[in-house]
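Please look over the sequence and the three-dimensional model shown here, and then follow the description below, which begins with a single loop residue and widens from there to the whole fold.

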Amino acid sequence: MSDFAGKNILVLGGSRGIGKAIVQRFAAGGGQVAFTYAGSADAAAALAAETGSEAIRTDSADRDAVIATVAGRGALDVLVVNAGVAMIGDPLTFDPDEVDRMIDINVRGPYHAAVEAARHMTGPGRIIVIGSVNGDRMPFAGGAAYALTKSAVQGMVRGLARDFGDRGITVNAIQPGPTDSDMNPADGPMAAAMHGFMAIKRHAHASEVAELTAFVAGPHGAMITGSFQTIDGGFGA
Ligand code: NDP
């Protein structure tokens with residue numbers, strides 16, 4: 001594959017899970033890939049060595065650090081904001097600071113990263129945020145705060161697509177359903193309940209989400225913008 005040969009690509013949150021699969025996919029396509037991580041230095045170093053990509057430590061909760069990292073990559077062809085955290089549980093027990101940190105990582109980080117990327121893009125760039133089907137549907141208790149962050153992604157995608165469309169820059173969300181990762185293991189305690197909401201009753205593989213991301217980021221994605229590409233096995237149907 002050489003569908004991303006020579007492309008300047010940044011993946012925010014690429015050390016594990018879906019982000020790791022996205023880094024692997026772009027690198028396999030010949031892209032010049034950099035990715036950020038926060039806590040998983042060993043995993044990040046291993047992935048960088050495996051793929052020939054560059055690992056950059058940047059906490060997505062730190063707005064100014066995110067902006068500086070994006071600006072430091074210059075004229076990106078592709079920005080993917082994958083970094084995300086999930087708090088699922090009784091909202092009455094949540095630490096408000098942790099809720100606000102989730103909002104920082106899942107909402108403020110993607111917004112400021114997207115705007116900064118667009119500031120430096122010189123061609124028909126691609127901005128992709130990994131949202132969630134929970135932006136559309138939250139069918140169980142305990143997910144209100146997480147769902148609000150993924151619904152917020154939808155609003156920013158709609159608006160930024162219009163802000164940058166005249167420059168040929170597309171802005172989209174990829175919305176996975178249950179996907180096997182550290183965040184949501186296929187054999188985790190919630191798995192059976194999640195499969196109950198799905199038409200295809202299994203977790204997705206991270207590589208399946210990465211392949212959809214690559215399609216939207218690639219040459220065939222030029223007319224896809226302001227959209228939410230859902231890959232959820234029918235969770236939201
Ligand atoms: P994982 O927890 O498996 O991996 C999360 C990744 O994001 C890691 O690489 C982690 O890096 C990075 N990350 C987390 N916090 C930060 C931070 N503050 N700064 C920089 N990087 C950070 O999650 P998934 O792969 O499952 O999820 C990836 C995205 O997909 C998230 O946005 C999530 O909301 C979304 N999603 C996941 C679904 C699922 O079922 N798995 C379903 C729908 C959406 P590090 O370890 O280095 O901190």
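Met87 lies in the loop that runs between strand E4 (78-81) and H4, in a model that is predicted. Although a loop position might be either buried or exposed, Met87 has a relative accessible area of 15%, and because buried means under 20% relative accessible area, Met87 is counted as buried. Leaving aside residues up to four places away in sequence, Met87 touches Phe94, Glu98, Val99, Met102, Gly142 and Tyr146. Gln24, by contrast, is 63 residues from Met87 along the chain, and the C-alpha atoms of the two are separated by 27 Å.

One of the residues that Met87 touches, Tyr146, leads to helix H5, which covers residues 144-164. At 1.5 Å a residue the 21 residues of H5 should span 30 Å, and the end C-alpha atoms are 30 Å apart, so the expected and the modelled span agree. Tyr146 is itself among the buried residues of H5, a set that also includes Ala145, Ala147, Thr149, Lys150, Val153 and Gln154, and that continues with Met156, Val157, Leu160, Ala161 and Phe164. What covers these buried residues includes helix H4 (96-120) together with strand E5 (126-130), strand E6 (170-176) and strand E7 (228-231).

Helix H1 can be read in a similar way. Its 12 residues, 17-28, reach 17 Å from the first C-alpha to the last, which is close to the 16 Å expected at 1.5 Å a residue. In H1 the buried residues are Ile18, Gly19, Ala21, Ile22, Val23, Arg25, Phe26 and Ala27, and the helix is followed by Gly30, which has a positive phi near 90°.

Two further loop residues can be set beside Met87. Thr58 is placed in the loop between strand E3 (54-57) and helix H3 (63-72), and its relative accessibility of 5% is the reason that Thr58 counts as buried. With residues up to four places away in sequence left out, Thr58 touches Thr36, Tyr37, Ala65, Val66 and Thr69. His205, in the loop between helix H6 (191-196) and helix H7 (206-217), has a relative accessible area of 45% and is therefore partly exposed. From His205 to Phe228 there are 23 residues in sequence and 19 Å in space, taken from C-alpha to C-alpha.

How do these parts fit into the protein, and how many helices and strands does its secondary structure come to? There are seven helices and seven strands, and along the sequence they follow the pattern β-α-β-α-β-α-β-α-β-α-β-α-α-β. The radius of gyration is 17 Å, close to the 18 Å that the globule rule gives for 237 residues, so the protein is as compact as a globular protein of that length. Along its principal axes the C-alpha trace spans about 45 × 35 × 35 Å.

Of the 237 residues, 50% are buried, and of the contacts with a separation of 6 or more, 70% are accounted for by residues 24 or more positions apart. The protein exposes about 10300 Å², of which carbon and sulfur atoms supply 53%. Its side chains include 18 that are positive and 24 that are negative, and the centres of these two sets lie 6 Å apart.

Notes
Residues are numbered from 1 along each chain as its sequence is written. This is a predicted model: local features need pLDDT of at least 70, side-chain atom pairs count only at pLDDT 80 or more; totals for chains, interfaces and linings use all residues. Side-chain values use heavy atoms; hydrogens and water are left out. Helices (H or I, at least four residues) and strands (E, at least two) are DSSP runs, numbered from the N terminus. The radius of gyration is taken over C-alpha atoms; the globule rule is 2.2 Å times the number of residues to the power 0.38. Buried means under 20% relative accessible area, exposed over 50%, partly exposed in between (1.4 Å probe, protein chains only). Contact means heavy atoms within 4.5 Å. Accessible areas come from the Shrake-Rupley method with a 1.4 Å probe; for residues, only the protein chains shown count as cover. Lys and Arg count as positive and Asp and Glu as negative; His and the chain ends are not counted. The place of a charge is taken as NZ of Lys, CZ of Arg, CG of Asp or CD of Glu. The expected span of a helix is 1.5 Å times one less than its number of residues.
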